[in-house]
Amino acid sequence: MGSGGEGSVSDAADKYRSLLQDDVEKNTHWRHGGPPTYDSVNQLFEEGRTKEWPKGSLEETVQNAVKSWEMELSHKTRLKDFRTINPEKFKLIVNGREGLSGEETLKLGSYNALLKSSLPEEFKYYKAEEESFESSHDAFRSAFPRGFAWEVISVYSGPPEIAYKFRHWGFFEGPFKGHAPTGEMAQFYGLGILKVDDSLRVEEAEIYYDPAELFGGLLKGPPIAAPSSHACPFSH
């Protein structure tokens, strides 16, 4: 899913997403007019991470690569500007479902691509097919005003097939889909498998996790009552 970032233009280097600095000079098409800044979510990440990987380690490399991919997916509008994936071959497979191409993933957005569900309608706590790219990002930006941080917990194998475990977390401090914030941490864990080419560009990404882990925290918030215009000021 990736660490949420905002759309303001940045001139400072991002130590977790070196691609950002390289892209500033290029003719990249940005969704919000310029490269994003990740100051807020980087702070959340540094304060809340459970692992600090040595510089240059496989774990740090995988962690930064996935953060860079999420940045591209959330903020670039053309697949040809992506540098973390092989656009011709890319496929995203979530919880064993049918794979999505690069263009399909870009159109849906990371949240919708990851939260699509085959559950019956009445059991869906998030209806990805009813959300646009923008509405899905707005919903999670609203719920996690400080961002949605992401870290690698462990890496089990190196290239060309990288298997890893991750943790995603944020503080539920804003409303989500009619639920009031609790101020508590919402988090979930998952597993990923990346098949990469010789340049470490991703050709296939498989992700496995339980969405109920995330939504259990977000749906705990009490429903936000609509203000009533008929309330009697003298009622006890």
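**Exercise 1.** In this predicted model, determine over which ring the charged end of Arg31 sits, and do likewise for the charged end of Arg17.

*Solution.* The charged end of Arg31 lies over the ring of Phe133, at 3.6 Å from the centre of that ring. Turning to Arg17, one finds its charged end over the ring of Tyr38, where the distance to the ring centre is 3.8 Å.

**Exercise 2.** Classify the aromatic pair formed by Tyr111 and Phe140, and explain why that class applies; then state which helices hold the two residues and whether both are buried or exposed.

*Solution.* The structure contains 16 aromatic pairs. For Tyr111 and Phe140, the ring centres are 4.3 Å apart and the planes meet at 10 degrees, and the pair is therefore stacked, given that planes under 30 degrees apart count as stacked. The pair joins distant parts of the chain, since Tyr111 belongs to helix H5 (residues 110–115) and Phe140 to helix H6 (residues 133–143), with their positions 29 residues apart. As for accessibility, Tyr111 and Phe140 are both buried.

**Exercise 3.** Describe the geometry of the aromatic pair of Phe144 and Phe148, decide whether Phe144 is buried or exposed, do the same for Phe148, and name the residues that form one aromatic cluster.

*Solution.* Phe144 and Phe148 make a stacked pair, with 4.5 Å from centre to centre and 15 degrees between the planes. The cut-off for buried is under 20% relative accessible area: Phe144, at 3% relative accessibility, therefore counts as buried, and Phe148, at 1%, likewise counts as buried. Finally, one aromatic cluster is formed by Tyr111, Tyr126, Phe140, Phe144, Phe148, Trp150, Tyr164, Phe166, Phe176, Phe188, Tyr209 and Phe215.

Technical notes:
Residues numbered from 1 in each chain as written. Predicted model: local features only at pLDDT ≥ 70, side-chain atom pairs only at ≥ 80, totals over all residues. Heavy atoms only, no water. Phe/Tyr/Trp six-rings, centres within 6.5 Å; stacked < 30°, edge-to-face > 60°. Helix = DSSP H or I, 4+ residues; strand = E, 2+ residues; numbered from the N terminus. Buried < 20%, exposed > 50% of the residue type's maximum accessible area, 1.4 Å probe, protein only. Lys NZ or Arg CZ within 6 Å of the ring centre and 35° of its normal.
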